[in-house]
Amino acid sequence: MVNARLSWPSSLVVDVPNGRLYWADAKRKTIETVDLEGNGRQTVWTFKDEGGPYRLDLFENKLYVTFRKSHNVFVMNKFGQQNGKGDKRQIIKGSVRIGDVVLVHPHKQKKYAATKLNPCSNNESPCGNET
């Protein structure tokens, strides 16, 4: 999909509803995006003071980003800076060593029919729990 202008891509996240892929490049100090066909590449955020972004996750219109050296976590607009104003705020200041960020929300999970919630729950399961 992307094979140019990459230095150290450290995290990927797929924006399924909008058909886009986002990645953090820790060495270039950027977050970029392309559509799922690899077109429409855009630099969404460029960082200076914070250093390079390390891990990221996405929910609705927000990116959640960790920084490896400072261990800070920021939430920011996934569309980047709008009209010169960045919707970016720090939500955790380097008090703990942070290696990753994962958002868990029902809207980010696959929905299964009640009978498919646990494939190991019936007698004909593939889970090897025969008696």
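Arg 5 is exposed, with 52% of relative accessible area; here exposed means over 50% relative accessible area, buried under 20%, and partly exposed in between, with a 1.4 Å probe and protein chains only. This residue sits in the segment before strand S1 (9-15), and its phi is positive, about 55°, although Arg 5 is not a glycine. Such a value catches the eye, because most residues other than glycine have a negative phi.

The structure is a predicted model, in which local features need pLDDT of at least 70 and side-chain atom pairs count only at pLDDT 80 or more, while totals for chains, interfaces and linings use all residues. Residues are numbered from 1 along each chain as its sequence is written, and side-chain values use heavy atoms, with hydrogens and water left out.

What does the protein consist of, in terms of helices and strands? It has zero helices and eight strands, where helices (H or I, at least four residues) and strands (E, at least two) are DSSP runs, numbered from the N terminus. Read from that end, the order of elements is β-β-β-β-β-β-β-β. Of the 131 residues, 34% count as buried. Contacts (heavy atoms within 4.5 Å) can also be sorted by separation along the chain: among those with a separation of 6 or more, 34% are made by residues 24 or more positions apart. The accessible surface, from the Shrake-Rupley method with a 1.4 Å probe, comes to about 9,000 Å², and carbon and sulfur atoms supply 48% of that surface.

A second positive phi in a residue other than glycine belongs to Lys 29, with a value near 60°. Lys 29 lies in the loop between strand S2 (20-25) and strand S3 (30-35) and is partly exposed, at 32% relative accessibility.

Just past this loop, strand S3 pairs with a partner. Four bridges join S3 to strand S4 (residues 42-46), and the two run antiparallel; strands pair if DSSP finds at least two bridges between them. Thr 30, for instance, has Thr 46 in S4 as its bridge partner. The hairpin of S3 and S4 has six residues between the strands, and within this hairpin Gly 38 takes a positive phi near 90°.

How many salt bridges does a search of the whole structure find? The search finds four, a salt bridge being a side-chain nitrogen of Lys or Arg within 4 Å of a carboxyl oxygen of Asp or Glu. One of them joins Asp 15 to Lys 78, with the closest N and O atoms 2.6 Å apart. This pair links distant parts of the chain, 63 residues apart: Asp 15 belongs to strand S1, whereas Lys 78 is in the loop between strand S7 (73-77) and strand S8 (88-92). Are these two charged partners buried or exposed? Asp 15 is buried, at 4% relative accessibility, and Lys 78 is buried as well, at 2%.

Other salt bridges share a residue, Glu 32. The side chain of Glu 32 meets that of Arg 28 at 3.8 Å, N to O, and Glu 32 also bridges to Arg 41, where the closest N and O atoms are 2.8 Å apart. Arg 28, Glu 32 and Arg 41 are thus linked in a network of salt bridges. Within this network, Glu 32 is buried, at 1% relative accessibility, while Arg 28 is partly exposed at 33% and Arg 41 is partly exposed at 24%.
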